[in-house]
Amino acid sequence: MIILSVESTCDETAVALVRDGREVLTDQIFSQADLHAVYGGVVPELASRSHVEVIYQLADRAIAVAGIQKSEIDAVAVSYAPGLIGAVLVGVNFAKSVAAALGVPLIPVHHIRGHMAANYLAYPELEPPFVCLAISGGNSLIVDVRDYTQMYVMGATRDDAAGECFDKVARVLGLGYPGGKPLDALSRGGDDSKYHFPVAKVEGHPYDMSFSGLKTAAINLIHHAEQTGETLDLPSLCASFAKGVSDSLVPRAIAAVRERGYRQLVAAGGVAANSRIRADLERAAAAAGVQLFVPPLRLCGDNGAMVGAQAYYEYRAGHTAGSDLNAYASMELGALNEGQP
Ligand code: KG4
């Protein structure tokens, strides 16, 4: 089954062709990062307009590069939530039109489910059940993935997402947008014990996380240094900050796998590209005797192939939509199991 899949929830426009949920025929991605960099963050209106400009060309290019006929496309999938609503609407309307024109089913995919499914493309042997640590620019979740489409959120951030936290601190450091990657690069060789950042606990909710205190502590430290003329050791500041984020995520993920009695831990999302988090996950999983799956860097950020991978399993579970499919700015990861489209 060949699925044409569309992603436009934030600042990447992507169209992919994926066979049977596991084989990428092509994944065409257009990043808007340069467009938003000058503003220090994504400007929703500009994001929507840029998606409109490139989405048709990306689809044409995907079909040409994959070397298939349009008649070989069996279904069209789209990330329909969560995301910037104007941006998501572009992808949803485009996907609806293509599905109608080709006369094939339309498959709605939760964006975070897509991030998780990126691992199915990289690891043919991976099958549920597993615990997934899903960490992106807008979400931080610990999820019990019982089956390809049956998921239960064990814990979530109570405030900022891990990626948002990296981006805000990077912005104050003048590292540009998106700042997670340059902050990661700057942290190499730094002393992670030089600055202390708090790891928050949420009483009675062992898998819930909070990053706003960590973010504020880092920003206050930087502002204080500016005001007093103190010179900060930037690599050590970045290394200590990354340690704080990692310490909030990794032990909880390992505890969640243990509690569920699973043997597999999966990471997903843009922040899964972070070198400190990857290294800590590897160490902790090995110590716990758990098999770890972390997407290759190219599949951590937003892409179309991950949507096509998850769409295959949503389709097999009977999750298709009609021409009344809408876009949603927010949506629970388990919503598809509760009767929504
Ligand atoms: O998954 P993603 O591409 O978009 C969303 O679905 O949100 O994640 C983007 C986030 C941004 O916050 C970006 O700064 C962060 O992932 N990121 C990183 C790294 N690479 C990307 N954060 C920390 N370290 C990295 N190496």
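This is a selection-by-selection tour of a predicted model.

Residue numbers start at 1 along each chain as its sequence is written, and side-chain values use heavy atoms, with hydrogens and water left out. Because the model is predicted, local features need pLDDT of at least 70 and side-chain atom pairs count only at pLDDT 80 or more, while totals for chains, interfaces and linings use all residues.

**Stop 1: the two domains**

Select residues 2–115 together with 302–338 and colour them as domain 1, then give 128–299 a second colour as domain 2. These bounds come from an automatic or database domain assignment. The centres of domain 1 and domain 2, taken over C-alpha atoms, are 26 Å apart. Domain 1 brings 21 residues to the contact and domain 2 brings 18, where contact means heavy atoms within 4.5 Å.

**Stop 2: the interface**

The size of an interface is often given as the accessible area lost when the parts come together. Here domain 1 and domain 2 bury about 1,500 Å² between them, with 62% of that area from carbon and sulfur atoms. Buried area is the accessible area (1.4 Å probe) that two parts lose on being put together, summed over both.

Now show I112, H115 and L333 as sticks: they supply 32% of the area that domain 1 buries against domain 2, more than any other three residues. What does the rule find in the way of salt bridges across this interface? It finds zero between domain 1 and domain 2, a salt bridge being a side-chain nitrogen of Lys or Arg within 4 Å of a carboxyl oxygen of Asp or Glu. Five residue pairs are in polar contact between the two domains, both residues at pLDDT 80 or more. A polar contact is a pair of N or O atoms within 3.5 Å; within protein, one must be able to donate a hydrogen and the other to accept it, and residues adjacent in sequence count only if both atoms are side-chain atoms.

On the side of domain 1 that touches domain 2, the elements giving two or more residues are α1 (33–37), α4 (111–122) and α10 (305–316). Helices (H or I, at least four residues) are DSSP runs, numbered from the N terminus.

**Stop 3: V88 and S248**

Go to V88 in helix α3 (residues 85–102). V88 has a relative accessible area of 0%, so it is buried; buried means under 20% relative accessible area, exposed over 50%, and partly exposed in between (1.4 Å probe, protein chains only). Leaving out residues up to four places away in sequence, V88 touches S8, T9, S79, Y80, A81, G83 and A327.

Next select S248 in helix α8 (residues 234–260). S248 counts as buried because its relative accessibility is 1%. With the same sequence neighbours left out, up to four places away, S248 touches V199, M209 and F211.

**Stop 4: salt bridges**

The rule gives a count of 15 salt bridges. In helix α9 (residues 275–288), show R276 and D280, which are four residues apart, about one turn of the helix. Their side chains meet in a salt bridge at 2.9 Å, N to O. D280 also forms a salt bridge with R283, with the closest N and O atoms 2.5 Å apart. Is each partner buried or exposed? D280 is buried at 10% relative accessible area, whereas R283 is exposed at 54%.

Last, select D144, R146, E259 and R260, which are joined into one network by salt bridges that share partners. Between R146 and D144 the closest N and O atoms are 2.9 Å apart. R146 is partly exposed at 42% relative accessibility, and D144 is buried at 0%.
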